Structure formats: structure tokens, C-alpha cells
Amino acid sequence: MDGPDRRRSRLARAGVRLADTAPPGPGPGAGGEGRGGGGDGPSTAGVTVVLLGALTMMLGLFSLPWLSDEGETASLEDIRVLVDRYVEDAPGIVGPYFGVGVFFAAFGVPIVALAAVFARGPLRRAFMVITGVAGGLAVVCHLLACRDLVDGHVEEYSAGPWVAGAGMVITVVGALLPRPRAPRLDPIGPR
């Protein structure tokens, strides 16, 4: 008696009914759809890191001061209003970024990052690429717009833009974390 018959015989002697056992062979994650895609569900670490990054970004964008000088502070909304009303020829990408780009960064990047964490197979890879590219562009645009707004004197900034930029990076990293591997069946069988 070799292979499956031997295993069934041992199981029968142990009092296990065959209907309660899984069929012999590779299980989920042992090949096929499990290759490179990880386990069945989303990565708990990935979801946690994406949400942490999104919250950090929101904190930096909407709660912390962006500029402060002699006790006076300016929030992102204050800067948006000033750029919109008073700066006709905004340098670099300041106008477009503070107009709509900041909202893309605040809402678009976390949504695509969460889609990358929850998607499976080739769709996950596509969302990971989109998240990496979009998140990278968001970080670069954020840093360039912040630099251009103050003519390169970035030391004038308070915590807001730095925390927001860090949140963007954390969000992208969370989307790119690998899923946990699915458990593999013991090739020797029950002992």
C-alpha cells in the first residue's frame, strides 16, 4: 500500500472518517493562484499601514499648521485661499497643486492603496503599480509645490507639509507590503 491508500488506512485506524478529510494534493497557496499573490485575504499589516499613512496624511494636510511666524500660523486652507485669490502667476506647480492636486493626494492615493491591498492576482499587481506611480508623483508634486511656494526656503514650514509628505510615503509602502503566505500542506502527511 503506497500513497493515498496508505494515508486512508492510517486515518481509518485513527477513527477519522474520510468525508472529514481534505483530498490529497496541494492546497490553497501551494501553487497556481497562490504563487506570488500570497494568502487568500488582504494583508493585515498592509491594511494597517495604509490606514495609518492615510490618517497621518490627513493630519498633516488638514489639522497641523503649515507656516508659522512669530506666533501666527497658516493652515493648508489659508494657503489655498491666498494662492487662489492673490497669486496670479504662481511659480511652478503651486497653482494646480493647491487647487486640486492636494485633494488627489489626500483621497485618491489612499483609495488606490486600499484597492491594491484588497485586490487579488493580476489586478493586485496593477493596483500596486498604479499606487506606486500615483503615490510617487503625489509625493514629488507635494515637495515641489511646497518648495516653490516659499521660493526654496523650506525652513519656514511648520509640521503640516512634512507630516503630510510622510503620510503619503507610508500609505504607498503599506500598499506594497506583501500578503502573508497561505499555509502549505505537509508533504509527508499526518504523523
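1. I111 sits in helix α4 of what is a predicted model, and with a relative accessible area of 56% I111 counts as exposed, because the cut-off for that class is over 50%.

2. I111 also belongs to a nonpolar patch on the surface, which I111 forms together with F62, F103 and F107 and which covers about 380 Å². Helix α4, spanning residues 94-118, supplies the largest share of this patch, namely 3 residues.

3. Turning to helix α5, which runs over residues 121-149, one finds R124 within this helix, and here the side of the cut-off is the opposite one: R124 has a relative accessible area of 7% and is therefore buried, since buried means under 20%.

4. The surroundings of R124 deserve a look in the model. A polar atom of the R124 side chain lies 2.5 Å from the backbone oxygen of A116, and A116 is also among the residues that R124 touches once those up to four places away in sequence are set aside. The other residues on that list are V117, A119, A175, L177, P178 and R179.

5. D148 is likewise placed in helix α5, and its relative accessible area of 14% makes D148 buried, as this value falls in the class defined as under 20%. When neighbours within four places in sequence are left aside, D148 is in contact with P91, G92, I93 and V94; for V94, one may add that helix α4 covers residues 94-118.

Notes
Residues numbered from 1 in each chain as written. Predicted model: local features only at pLDDT ≥ 70, side-chain atom pairs only at ≥ 80, totals over all residues. Heavy atoms only, no water. Patch = residues over 30% accessible without salt bridge, like charges linked within 9 Å, V, L, I, M, F, W, Y side chains within 5 Å. Areas by Shrake-Rupley, 256 points an atom, 1.4 Å probe, with all protein chains shown as cover. Salt bridge = Lys/Arg side-chain N within 4 Å of Asp/Glu carboxyl O. Helix = DSSP H or I, 4+ residues; strand = E, 2+ residues; numbered from the N terminus. Buried < 20%, exposed > 50% of the residue type's maximum accessible area, 1.4 Å probe, protein only. Polar contact = N/O pair within 3.5 Å; in protein donor to acceptor, adjacent residues only side chain to side chain. Contact = heavy atoms within 4.5 Å.
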